[in-house]
Amino acid sequence: MKEFWNDRYAEKEFVYGTLPNKFLQQSINELPQGKVLFAAEGEGRNAVFAAKKGYVVSAFDISESAKNKAEALAQEQQVTIDYLVGDVFDLGYPEQSFDGLVLIFAHFPAAERTAIHAHLLSLLKPGGVIIFEAFSKEQLNYSSGGPKEAEMLFSLEEIQKNFPGVAFKFIGQSIIHLDEGPYHQGEGSVIRFVARKN
C-alpha cells in the first residue's frame with residue numbers, strides 16, 4: 001500500500017486536485033474551533049483548507065510523497081499544518097487531544113479498519129466532531145475512483161458498527177458527481193456523515 005501511494009502521489013500534478021472536498025466545505029463549520037486531525041490526508045487539500053479557516057491542523061498519511069506535496073501546498077497558501085508520515089498507531093498522538101476528526105476517502109485495509117477507527121475515536125475529545133465521506137460498496141458499479149475491493153468500501157451498517165459511542169447528526173448514502181483531480185471524476189456512490197463523540 002505504501003509503495004502504491006508513494007507512486008501515485010509522486011505524479012507531478014495533484015492527483016485529487018488542490019480544492020477541498022465539497023462535503024468538507026459544506027460541513028466544516030460543524031467542527032469546534034481548535035485542533036483537528038486529518039486521517040489519510042494525501043496531498044493536503046482538505047487540511048490546508050481547514051488551516052485557512054483558523055483550525056490548528058494535524059494530518060497523517062503513509063506516503064512521504066503526499067507529505068511533500070501537502071507541505072508545498074500549505075506554504076503556497078501561507079498556512080501551517082503538522083503533517084506526519086507513518087502508521088497511526090505509531091505516531092504518538094495523545095488520547096482525547098483533538099476537537100475534530102476528518103476522514104475524507106480514508107479507506108484503510110479491511111483487516112485493520114475497525115482497530116484504526118477505534119484508535120482514531122480515542123484521539124477525539126468527548127464532544128468532538130467527526131466529518132466523514134467515503135465510497136460505498138455500490139461504488140464498484142462506477143468508474144470514478146476508489147478501491148476495487150468490496151471489503152475496503154463501506155455500508156451504512158458497517159459505519160454505525162465501526163463508530164460506536166457517537167451521535168450521528170447526519171448520515172446518508174448518495175450518488176454524487178466527483179470532480180477532484182484526474183482520479184476522482186464522474187458519478188460515484190458515497191456515504192457521508194457528521195457525528196459528535198459522546
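Student: In this predicted model, in which sense do β2 and strand β3 pair, parallel or antiparallel?
Tutor: Strand β3 covers residues 82-85, and four bridges link β2 with β3. Within this pair, Asp61 stands opposite Val85 in β3. The sense of the pairing between β2 and β3 is parallel.

Student: Through which helix does the chain cross from β2 to β3?
Tutor: The connection from β2 to β3 is a β-α-β crossover, and its hand is right-handed. The helix on this path spans residues 64-76. That helix is α4.

Student: α4 packs on the sheet; what angle does its direction make with that of β3?
Tutor: On the sheet, α4 touches β2 and β3. Angles here run from 0 to 180 degrees between N-to-C directions. For α4 and β3 the value is about 165°.

Student: Which residue in β2 is the bridge partner of Leu37?
Tutor: Strand β1 covers residues 35-39 and runs parallel to β2, with four bridges between them. Together with helix α3, β1 and β2 make a right-handed β-α-β unit. The bridge partner of Leu37 in β2 is Ser58.

Student: How many of the six residues of β2 are buried?
Tutor: β2 spans residues 56-61 and is mostly covered. It has β1 as a parallel partner, and β3 as another parallel partner. Of its six residues, the number buried is five.

Student: Which strands are the edge strands of the sheet?
Tutor: The sheet is open, has seven strands and shows mixed pairing, in the order β3-β2-β1-β4-β5-β7-β6. An edge strand here pairs on one side only. The strands that do so are β3 and β6.

Student: By what angle are neighbouring strands of this sheet turned against each other on average?
Tutor: The sheet is made of seven strands. The average over neighbouring strands ignores direction. Its value is 15°.

Student: Which residue of β7 is the bridge partner of Ala134?
Tutor: β5 and strand β7 (residues 184-197) run antiparallel and are joined by seven bridges. Ala134 has its bridge partner in β7. That partner is Ile191.

Student: How many residues does the largest nonpolar core have?
Tutor: Residues with the most contacts inside this core are Leu24, Leu31, Phe38, Val57, Ile81, Val102 and Ile131. The element that gives the most to this core is α3, with five residues. The core as a whole has 35 residues.

Student: How many residues does the other core have?
Tutor: This core lies apart from the largest one. Its members include Leu37, Leu121, Leu124 and Phe163. Its size is 26 residues.

Student: How many of the eight residues of α3 are buried?
Tutor: The buried residues of α3 are Arg45, Asn46, Ala47, Val48, Phe49, Ala50 and Ala51. They pack against α2, β1, β2, α4, β4 and β6. Ala47, Val48 and Ala51 are also among the residues that Ile81 touches. The number buried in α3 is seven.

Student: Which residue just after α3 takes a positive phi?
Tutor: α3 spans residues 45-52. The phi in question is about 100°. The residue that takes it is Gly54.

Student: Why does Ser63 count as buried?
Tutor: Ser63 lies in the loop between β2 and α4, and it touches Trp5, Asn6, Tyr9 and Val85 beyond its neighbours up to four places away in sequence. Its side chain makes a polar contact with the side chain of Asn6 at 2.8 Å and reaches the backbone nitrogen of Ala66 at 3.0 Å. Buried means under 20% relative accessible area. Ser63 counts as buried because its relative accessibility is 0%.

Student: Is Leu91 buried or exposed?
Tutor: Leu91 is in the loop between β3 and β4. Leaving out residues up to four places away in sequence, Leu91 touches Phe60, Leu84, Val85 and Gly86. The cut-off is under 20% relative accessible area for buried. With a relative accessible area of 16%, Leu91 is buried.

Student: Which residue has its backbone oxygen 2.7 Å from a polar atom of the side chain of Ser144?
Tutor: Ser144 lies in the loop between β5 and α6 and is buried, with a relative accessible area of 1%. Beyond its neighbours within four places in sequence, its contacts include Phe135, Leu178, Tyr183, Glu187 and Gly188. The backbone oxygen at 2.7 Å belongs to Glu187.

How values were computed: Residues are numbered from 1 along each chain as its sequence is written. This is a predicted model: local features need pLDDT of at least 70, side-chain atom pairs count only at pLDDT 80 or more; totals for chains, interfaces and linings use all residues. Side-chain values use heavy atoms; hydrogens and water are left out. Buried means under 20% relative accessible area, exposed over 50%, partly exposed in between (1.4 Å probe, protein chains only). Helices (H or I, at least four residues) and strands (E, at least two) are DSSP runs, numbered from the N terminus. Two strands pair if DSSP finds at least two bridges between them. A crossover is right-handed if, with the strands pointing away from the viewer, the path from the first strand over the helix to the second runs clockwise. A polar contact is a pair of N or O atoms within 3.5 Å; within protein, one must be able to donate a hydrogen and the other to accept it, and residues adjacent in sequence count only if both atoms are side-chain atoms. Contact means heavy atoms within 4.5 Å. A nonpolar core is a set of buried Ala, Val, Leu, Ile, Met, Phe, Trp, Tyr and Cys residues joined through side-chain atoms within 4.5 Å.
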